[in-house]
Amino acid sequence: MKHKMQHSLVALGVIVALAGCSSDDDDNSQGVTADFTLQLLHVADMDGSNSTVLENAGNFAALVEGFTSQNADNTLFLSSGDNYIPGSRYDAADDDSMASVAGIEVPGVARADIAMLNAMGLQASAVGNHDLDGGSSEFASIISQDGNYPGAQFPYLSANLDFTTDSNTAGLVADAGMDASDLSNKLTASTVIEVNGEKIGIVGITTPTNDDITTVDDITVYPANDDINDLAAIVQTEVDALTAAGINKIIALAHMQSISYELELAELLKDVDIIVAGGSNTLLANDDDRLWDGDTAADSYPIMKTDANGNDVAVVNVDADYKYLGRLVVGFDAEGNLLADTISSDTSGPVITDDEMVAATEGAVANDSVDAIVTAINDVLVTSESNIVGHTDVYLNGTRGYVRTEETNLGNLSADANLWYAQLHDNTVLMSLKNGGGIRADIGYSAYPAGSTDPEDLTYYPPAAYAAAGKEEGDISQYDIQTALAFNNGLSVFDLTGSELWDILEYGVAGVENISGSFHQVAGVCFTYDASKTARVADAETDVVTTPGERVQTIIVDTDGNGVCDEASDDVVMKDGTMMLGSSVYRTVSLDYLASSAPYPCDGDDCTNQVQLGDDMTTDPQLSSFAETGSEQDALAEYLQAFHPDSNASYSTNDSIDGGAADVRVVRLD
């Protein structure tokens with residue numbers, strides 16, 4: 001077990017030379033001595049817009065090559081999870097044409113994303129929630145070898161997921177603490193990677209809410225109560241095993257969904273030197289870091305914390321989708337203590353992945369394998385971009401920070417489509433509920449006018465033209481819908497009482513401060529809430545509500561179906577925080593994934609009068625056929641074809657971010 005001593009900060013902004021520092025002392029002019037210097041390259045959350053990921057992947061790979069070649073003996077390259085997401089890019093890798101692409105060769109979902117990471121030399125990854133969105137069987141097929149498809153040539157790590165309880169993943173489990181070079185296609189809690197003669201321990205951490213936000217099947221998620229102190233205890237066991245084996249430099253790859261939790265873990269754990277955060281798309285940067293237009297830093301890079309033993313811990317993260325390569329250059333003393341004074345903004349921070357940075361980076365050369373994979377996926381996606389299903393004159397806001405905290409026009413459009421679609425099957429359906437976390441991308445884009453970086457000048461546009469696919473500006477394609485609604489959940493119709501509706505809406509606004517994906521986008525119902533009031537709390541293991549919540553103040557169901565919530569003509573279910581119509585019953589459509597999860601009152605298909613829309617839905621207009629009948633993608637495509645098929649009948653309701661009217665369906669009072 002190593003014993004660390006807290007080091008005082010004697011000099012900030014010291015640049016530590018990387019060459020030859022694994023055994024000889026590296027003394028700098030400020031008096032800080034590093035016996036070993038590490039260059040950590042990191043990435044996470046390549047789960048957003050397909051176009052952004054594919055546009056940036058080539059430059060990202062070139063920069064990995066550049067910085068690695070500059071410091072080949074001292075570099076680690078790691079991911080904190082969410083290396084892919086279901087959607088059109090995910091599915092494109094399963095196209096027959098991928099059989100001719102080196103690194104894939106055997107088509108299968110998500111294999112293009114894994115092949116790119118293999119080609120870049122990724123050495124280990126945490127398990128993120130989206131890595132499991134396809135279920136445990138699909139996850140196993142993505143990381144396993146399959147004929148000429150090599151699978152993940154790096155281990156996936158999580159100290160708090162038990163893969164042995166699931167038949168699909170049990171055979172991939174390896175002992176913790178093994179060398180990463182022996183762990184291709186494997187799942188384990190921790191690994192060891194030797195860097196210039198120094199052994200670095202890597203531990204994986206996954207949000208304990210994974211059993212609520214993705215498809216874990218029979219994988220067991222710990223702790224069952226989601227308590228962060230209990231999670232820290234689980235992780236500490238793995239860390240202690242590494243330190244007992246003589247490892248005195250440890251990195252945690254943590255996919256916690258909100259960086260606030262990684263910051264908490266930093267103070268609860270002992271002997272962890274660096275935490276690479278994941279799942280929150282948090283951009284950490286310093287004043288001298290060049291960022292993409294429109295991006296702003298949430299905090300400095302890195303965020304320094306003090307662990308439970310009083311030692312320094314560096315917490316790092318950068319924004320997603322290959323927009324930035326994270327780079328931390330840091331020194332350690334002979335006892336393995338991280339030396340905070342060796343971290344300089346000159347050598348550490350987010351590295352923008354634009355052409356200018358590639359040109360300026362010594363050794364940054366094209367990765368031919370990555371470029372070939374990107375080209376092949378783009379060729380497949382052109383087909384989906386060619387299938388035009390609707391038209392909009394305005395930007396459709398699917399940005400994470402908006403759809404998870406407030407009403408947006410894309411949220412409204414998708415909820416409206418689900419309501420209309422369900423009413424084709426059952427005209428008694430009154431309400432549509434869906435989670436903001438299920439909207440994965442905008443339909444449209446934003447940009448600054450030439451010469452401006454003033455946030456007030458940011459301008460929003462409808463989808464851009466794509467000449468290769470015959471797509472004109474404003475056209476909404478199959479690709480757009482598959483990207484925005486990447487999970488393509490089925491739709492379920494069931495009955496809700498007024499009290500059940502209130503509990504569901506309370507659940508949705510309880511996590512608004514943490515940009516929780518449970519926030520609701522709605523149609524056929526309006527509600528107000530006050531986030532300064534008490535939030536709903538439920539026991540993570542039993543789903544029993546321990547604090548009912550007091551945030552939702554008013555709920556009105558549009559019972560006359562005119563699209564306007566009116567106290568005089570519609571049902572006022574709640575007013576000023578007082579339940580008025582708790583026992584009234586309302587026919588509702590939602591995503592089948594939500595309907596089968598707490599706090600929805602269903603468990604599988606046993607909700608009151610529950611119907612799963614699907615192939616037996618004879619009322620499907622069949623105006624669009626790329627998505628399964630009864631799915632949210634089909635609902636939106638059919639709705640657009642029926643009401644906004646082209647420029648003569650465009651969708652034209654601006655989002656409030658783009659100068660549109662104030663939100664009326666979901667109103668935050670505080």
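Strand 21 (residues 431–435) pairs with strand 33 in the parallel sense, over three bridges. The model analysed here is predicted. Two residue pairs locate this register. Met431 has Thr588 of strand 33 as its bridge partner. Ser432 is matched with Val589 of strand 33.

Strand 33 also pairs with strand 25 (residues 491–497). Here the sense is antiparallel, and the pairing extends over seven bridges. Within it, Asp495 has Arg587 of strand 33 as its bridge partner. Strand 33 itself spans residues 585–591. Six of its seven residues are buried, so strand 33 is largely enclosed by the rest of the structure.

These strands belong to an open sheet of five, in the order 26-21-33-25-34. The pairing in this sheet is mixed. Its edges are strand 26 (520–523) and strand 34, each of which pairs on one side only. In a regular strand, side chains alternate between the two faces of the sheet. Helix 11 (residues 409–425) lies across strand 21, strand 25, strand 26, strand 33 and strand 34. Relative to strand 26, helix 11 runs at about 50 degrees.

Aromatic pairs were examined next. The count comes to 15 aromatic pairs. One of them joins Phe60 and Tyr322, with 4.7 Å centre to centre. The planes of Phe60 and Tyr322 are 50 degrees apart, and the pair is tilted. This pair links distant parts of the chain, 262 residues apart. Phe60 lies in helix 1 (residues 50–70). Tyr322 sits in the loop between strand 16 (312–316) and strand 17 (324–332). Both Phe60 and Tyr322 are buried.

A second pair involves the five-stranded sheet. The ring centres of Phe494 and Tyr600 are 6.1 Å apart. Their planes stand at 80 degrees, over the 60 degrees required, so the pair is edge-to-face. Phe494 lies in strand 25, whereas Tyr600 is in the loop between helix 14 (592–595) and strand 34 (611–612). The pair therefore ties together parts that are 106 residues apart in sequence. Both Phe494 and Tyr600 are buried.

Elsewhere, Phe139, Phe154, Tyr156 and Phe163 form one aromatic cluster. Phe139 is also among the buried residues of helix 4 (residues 136–143). The others in that helix are Ser136, Ala140, Ile142 and Ile143. The buried residues of helix 4 cover an arc of only 160 degrees around the axis, which puts them on the same side of the helix. An α-helix has 3.6 residues a turn, so residues three or four places apart point the same way. The cover over the buried residues of helix 4 includes helix 2 (88–92) and helix 3 (111–120). It also includes strand 6 (156–157) and strand 9 (187–188).

A buried lysine was examined last. Lys249 lies in the loop between helix 6 (228–244) and strand 13 (250–255). The relative accessibility of Lys249 is 2%. The cut-off for a buried residue is under 20%, so Lys249 counts as buried. Two polar contacts engage its side chain. One, of 2.8 Å, joins the side chains of Lys249 and Glu198. The other, also 2.8 Å, runs from the side chain of Lys249 to that of Asn248.

Note on methods:
Residues numbered from 1 in each chain as written. Predicted model: local features only at pLDDT ≥ 70, side-chain atom pairs only at ≥ 80, totals over all residues. Heavy atoms only, no water. Buried < 20%, exposed > 50% of the residue type's maximum accessible area, 1.4 Å probe, protein only. Helix = DSSP H or I, 4+ residues; strand = E, 2+ residues; numbered from the N terminus. Pairing = 2+ DSSP bridges. Phe/Tyr/Trp six-rings, centres within 6.5 Å; stacked < 30°, edge-to-face > 60°. Contact = heavy atoms within 4.5 Å. Axes fitted to C-alpha atoms, helices over the stretch in contact; angles between N-to-C directions. Polar contact = N/O pair within 3.5 Å; in protein donor to acceptor, adjacent residues only side chain to side chain. Arc of directions from axis to C-beta.
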